[in-house]
Amino acid sequence: MRWSLMVAASAAMLLVGLAVGPADLAPATVWQAVLGRGDEATAAIVRDLRLPRVLLAYLIGGSLAVTGASLQAVVRNPLADPYLLGLSGGAGLGAVAAIALGLGGAWAVPLAALVGAVLAIVLVYRVALAAGGHLDTRVLLLAGVVVGAFAASLMGAIMALSPAPEVRNALLWLLGSFDAASWRALAVFGAYALFPLAVLYGMARPMDLLALGEEPARFLGADVERTKRVLYVAASALTAAAVSVSGIIGFVGLVIPHAVRMLWGHTHRALLPSAFLLGGTLMVAADAVARTAFAPLELPVGVVTALIGVPLFIWLVRRWAS
Amino acid sequence: MVDDAGRAVTLQAPARRIVSLSPATTELLFAIAAGDRVVGRTRWCQDPPEASAVPSVGDGLDPNVELIVARRPDLVVFYHSGANDAAIAQLARVGIAAASVKLDGLEDLARAALLLGRLTGDSVRADSLVSAFQPELTRVAARPPAAAPSVLMLAWDNPPIVIGSASFLSEIVELAGGRNAFGDLEQPSAPVSIEAIAARDPDVVLVAGGSGDPAWARRPEWQAVGAVEAGRFVAVSGTEFSHPSFRAAQAVERLRAALREVVP
């Protein structure tokens, strides 16, 4: 019941996302274009822009929710989200540096963001390991915040010193957008995301054990050290790729896993797929709002996820508390 | 004398040492034959070529007050913006006069030239430029184009930021016989969806300050925009396309010719 409801909601939201947009197209026209009929310009809008865009938004929304749930399990801290762990700072620094240095090429900014995010992940991971040879999750969180702050400072320095007024556009890019969606972007991200998503789902049982605490988990036979490392690397690598495609879209990774836990409990075998379906649905909805609320102007989708996510979260907390 | 911010500008004598904090006012000061009085400029001021010989004080928005004072000016000309209020107040404290000049569009040129003329105590050149400019612009703009192509102007590609009607470049495009594809947006620039661009189906894409096809045009998502897919780019370069100046008529003529090559 719950699964069919979520799949139906996903499908419905994907259709809504496909039907709305700044180009004023009747739903029938959109459907004709999906089927390959109608004029060329409409076909280009529906098949080359909207369709890959809603699918990419769904995939990234789902991935961010799953990574959020996984990282919350690793550090056993409800605040954990990929961005708290320094990733956004690294990605932002990469993007701003690429623009300030005037790096050309069609993919310079996303690639630089990816490099920056990966560097931040490696740095945070190394710092967390340095404390006594094992992955101390408290140090991991601390290192994430510290590396993030350091990257933000470097970003501020570049923005203050750079002669390029375009640098402020990097900040707009960082707030998130699916404007770079294309079939190619969808295929590349989809192929990439499959492996970390499968790894995370495969770790659902060890995540349940970790939730009990590291000592009990070890006692129950989990390889705690390996679990934490694999989870952290898989979740971070997935988020880094998401950032390079669509910028930093917050709150989905934070709010969705909590929402699922409050509604349906803590077992990761169910939590992870539920978070994926719900995260994808929310992201498609947020993107639809971003595209249409002030059309032809477009809101950064990260702004919309916060505007939707925060009230949703407050409502859930109140409901859960009563 | 009152500047464009509504503040009184008090000078004991015509300004002899001027720091100019926007490319448009620097060019204008040289144009009204007050170039020899410019003792400071921003790093962006490249016109006329002689301006490059003037020492730079860095940025023009929220500028470095110490560097400005070190040039020992008796007048500092600011771009009219709230970001400059703090610097203007600091200069007032050390007794240096400041004038805010709003110079965003061609309609501001005459007023700005006459104000700068009065501040330098010599309006002769400013007067003659102003009286020659409007007829020249009218003459250039009077030649009606066969068809008014809709022109997409991008300030940035990812996320796409388009130029709206409040921009100077939009004004030049309209005078050259084109239509700004996003002329209904009242901002100077604003982020939009690629879908919104594709839906408006512009005839050409204006690439200001570049040559050839821009790198972003190779990205797959942009191929949904007909003009990008067909490679209908119009490249123009030169600062007459980046700020209002008395060279605007030349800019209009050059753009008109460039548009004709792509959209006959």
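**Exercise 1. Describe the side of chain B that touches chain A: how many residues take part, and which elements supply them?**

Solution. Begin with the count: 25 residues of chain B are in contact with 30 residues of chain A, where contact means that the C-beta atoms of two residues, placed from the backbone, lie within 7 Å. The model is a predicted one, in which local features need pLDDT of at least 70 and side-chain atom pairs count only at pLDDT 80 or more, while totals for chains, interfaces and linings use all residues. Residues are numbered from 1 along each chain as its sequence is written, and chains are lettered from A and ligands numbered from 1 in the order in which they are written.

Next, turn to the elements, which are DSSP runs numbered from the N terminus (helices are H or I with at least four residues, strands are E with at least two). Strand 6 (160-163), strand 8 (189-191) and helix 7 (194-200) of chain B each give two or more residues to this side, and the largest share, 5 residues, comes from helix 7 of chain B.

**Exercise 2. Work out the strand order of the open sheet of 4 strands in chain B, and explain why strand 2 and strand 4 each have one side without a neighbour.**

Solution. The order is 2-1-3-4, with parallel pairing; two strands pair if DSSP finds at least two bridges between them. Strand 2 (38-40) and strand 4 (97-101) of chain B stand at the edges with a single partner strand each, so one side of each has no neighbour in the sheet. From one strand to the next, the twist averages 35°, an angle between N-to-C directions on a scale from 0 to 180 degrees, with axes fitted to C-alpha atoms.

Now look inside the sheet: strand 1 (residues 18-20) and strand 3 (residues 75-79) of chain B pair in the parallel sense over 3 bridges, and Ser20(B) has Val77(B) as its bridge partner in strand 3 of chain B.

**Exercise 3. Where in chain B does Arg72(B) lie, and is Arg72(B) buried or exposed?**

Solution. Arg72(B) is found in the loop between helix 2 and strand 3 of chain B, and its phi is near 50°, a positive value in a residue other than glycine. Most residues other than glycine have a negative phi. Arg72(B) is exposed because 11 other C-beta atoms lie within 10 Å, and the cut-offs are 20 or more for buried, 12 or fewer for exposed, and partly exposed in between.
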